[in-house]
Amino acid sequence: MERLDKFLTNAGVATRSQIKAILKTGRVCVDGKPMKDGSAKIDPEKQTVTLDGDVIGGKKRMVIMLNKPAGFVTSTDDPRDRTVMELLPKEYAHQDLKPVGRLDKATEGLLLFTNDGDLLHRLISPKKEVPKVYYARHEGTAGEDDVAAFAAGLTLRDGTECLTAKLEPLGPGESLITVCEGKYHQVRRMMASRQMTVLYLERLSEGGLGLGDLARGAVRELTAEELQILETQAE
Ligand code: URA
């Protein structure tokens, strides 16, 4: 909840003294009813404020990053499992945030959330080629033939064709994988198609944004600079 006069000032409608005068004239309405009292408390998430009929403020665009621990499903609601929504602090509860794509229950690492549906769709569209980098521990060791097969575009065991992807062997049983699409269990299935069952999977980055020193289970809002990077990637 926030004072109406403060909300109007923050929205850049007019100066504080002008707002006082405007309020007196009854030109400001909250949920359709004229409101002259600047000290009245409003909830900008739930109420609509208008000046001469024009909506003021509107929902703030928000993009946050979670370092997902294992054991949570990427869903807004699940009858059995704990969901990633339970990991978001209360202050984000009414922001209408949706996870950007999915991480499996066992997968850890970077998961973005946003209330901007257009940005969400652009980020998950394979056409936008937003790269997602994963670290995998797996059975076997990736070789040059595997690297070439990833680059050529793999065909999964069920016949699904994948776009070109990057496989970087780090050593025995460890690799980095970069993909620009998000098919169901994609990385696990890609690795399985090359006889390298994934034992552990972590998303390290998306669209050039990394986890930095964000602790497992922690959440933070993106900076304006990071939002700019993401917008450029999803253009
Ligand atoms: N690919 C997978 O197989 N699992 C994930 O969680 C993400 C990408």
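Let me begin with one cysteine, Cys29, which counts as buried because its relative accessibility is 15%, where buried means under 20% relative accessible area, exposed means over 50% and partly exposed is in between, with a 1.4 Å probe and protein chains only. Before going further, I should say that this is a predicted model, in which local features need pLDDT of at least 70 and side-chain atom pairs count only at pLDDT 80 or more, while totals for chains, interfaces and linings use all residues. Residues are numbered from 1 along each chain as its sequence is written, and side-chain values use heavy atoms, with hydrogens and water left out.

Staying with the cysteines, Cys162 is also buried, at 8% relative accessibility. Its sulfur has its closest cysteine sulfur in Cys180, 12 Å away, which is too far for a bond, given that a disulfide is taken as a pair of cysteine sulfur atoms within 2.5 Å. Searching the whole structure turns up zero disulfides.

Now to the overall layout. The protein is divided into domain 1 (2–55), domain 2 (63–126 + 209–233) and domain 3 (131–206), with bounds that come from an automatic or database domain assignment. The centres of domain 1 and domain 2, taken over C-alpha atoms, are separated by 33 Å. Lys41, which lies in strand E4 (residues 41–42), is exposed, with a relative accessible area of 53%. From Lys41 to Glu144 there are 103 residues in sequence and, C-alpha to C-alpha, 64 Å in space.

Which residues are around the ligand? They are Leu103, Asp104, Thr107, Tyr134, His185, Gln186, Val187, Arg188 and Leu201, where the criterion is a heavy atom within 4 Å. By class, this shell has four nonpolar, three polar and two charged residues. Domain 2 and domain 3 each supply at least three residues to the shell, and helix H5 (residues 186–192) gives the most, with three residues; helices here are DSSP runs of H or I with at least four residues, strands are runs of E with at least two, and both are numbered from the N terminus.

Looking at individual contacts, an oxygen atom of the ligand is 2.8 Å from an N or O atom in the side chain of Thr107. An oxygen atom of the ligand is also 3.3 Å from a polar backbone atom of Gln186, and a nitrogen atom of the ligand is 3.0 Å from a polar backbone atom of Val187. On its own the ligand has 240 Å² of accessible area, and the protein covers 96% of that, with areas coming from the Shrake-Rupley method with a 1.4 Å probe.

Technical notes:
Polar contact = N/O pair within 3.5 Å; in protein donor to acceptor, adjacent residues only side chain to side chain. Nonpolar A, V, L, I, M, F, W, Y, C, P; charged D, E, K, R; others polar.
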